[in-house]
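Hi,

Here is the structure I said I would pass on. Have a look at it first, and then read on for what turned up when I went through its cavities.

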Amino acid sequence: MSTTVMFAVLVSALLHASWNAVVKSGKEKGLDIVLVATGSAVIAAAVLPFLTPPASASWPFLGVSALIHLVYFVLVGAAYRAGDMGHVYPLMRGTPPLLVALASGPLIGETLKPAGWCGILFICGGILAMAFVGHRGGAPALRPNLLALANALVIAGYTFVDGLGARASGSPAAYTLWGFLLMALPMMVYGGAVYGRTPGIALRVRSRLPIAFGGGACSIGAYVITLWAMTEAPIALVSALRETSIIFAVAISTFVLKEHSGWSRIAAAGVIMAGIVTLKLA
């Protein structure tokens, strides 16, 4: 993987971690997620007229991606209700790159060099370790594990769909923006149904507009870079490198949000860093 692509994907990982940290730091996380989705849709609608439309061959991928992302959001909510975010999130994000790597050969004919496999294993191993280090109260319950692993399959699915869709589109940026627009519409309907009649909702929304548009811009930027990278490098390698956002998330939670991070979590981050270095050889 070239240095340019690696640097771009790491920037994408930082943007992804940043908007997630902003949402996590708020008191109304559900409302903030809806606002970020709305902000991204507004940005997409404003920018799309200035971009070349994606090729017609990519539109079926966009439709499938929108449906898969709906399932993703449903499973995210169910998983977070069933288990702790500190356990569920790494399990959801650490498993898909390995699934993508295993399926890339049979599905799309992309084979990896030994260095690529080693890098992916380091990254996935470090992320998955974060799901279990410091866990209290015995073995995690079965339900959150099953929901997280089910969503890992969904994430692997939309990784393939969007990677191939971006390649077919001829314009990864336009493809990504249309994807955000299509995904945001049902989120906006959901937000209106859940929060529309909440007392003082208009004032609360106005006060969170910086979150909506700042988070939306970071979210779009992160995914535009990721899908562009998938047109330049194997999807499995980009998928694994993008999940290093968890390192930035740990750094932000420790130094900005002042949350505690034990040595075991820092050691796991070190394993992920070893994976990043190894991917440079792939």
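I'll begin with the lining of the second largest cavity, which splits into 6 nonpolar residues, 3 polar and 1 charged. Bear in mind that this is a predicted model. The residues around that second largest cavity are Leu-62, Ser-65, Asp-162, Tyr-175, Thr-176, Gly-179, Phe-180, Met-183, Tyr-223 and Leu-227. Three elements put two or more residues each into this lining: α3 (59-82), α8 (172-195) and α10. Of these, α8 is the top contributor, with 5 residues. As for volume, the second largest cavity comes out at about 40 Å³.

How many cavities of 30 Å³ or more are there? The count is 2, so to speak of the other one: the largest cavity holds about 60 Å³ of space. Lining the largest cavity are Arg-93, Tyr-158, Thr-159, Tyr-223, Thr-226, Met-230, Ser-239, Arg-242 and Glu-243. Here the elements giving two or more residues are α7 (142-169), α10 (209-230) and α11 (235-242), and α10 gives the most, with 3 residues. By class, the lining of the largest cavity has 3 nonpolar, 3 polar and 3 charged residues.

One thing to look for on screen is Tyr-223: this residue is in the lining of the largest cavity and also in that of the second largest. Likewise, α10 is listed among the elements for the largest cavity and among those for the second largest.

Cheers

Methods:
Residues are numbered from 1 along each chain as its sequence is written. This is a predicted model: local features need pLDDT of at least 70, side-chain atom pairs count only at pLDDT 80 or more; totals for chains, interfaces and linings use all residues. Side-chain values use heavy atoms; hydrogens and water are left out. On a 1 Å grid over the protein atoms alone, a cavity is a set of points where a 1.4 Å probe fits but cannot get out, and a pocket is an open set with protein on both sides within 12 Å along at least five of seven lines; lining residues have an atom within 4 Å of a point. Grid points are joined across faces, edges and corners, and a volume is the space filled by probe spheres set on the points. Helices (H or I, at least four residues) and strands (E, at least two) are DSSP runs, numbered from the N terminus. Ala, Val, Leu, Ile, Met, Phe, Trp, Tyr, Cys and Pro count as nonpolar, Asp, Glu, Lys and Arg as charged, and the others, Gly among them, as polar.
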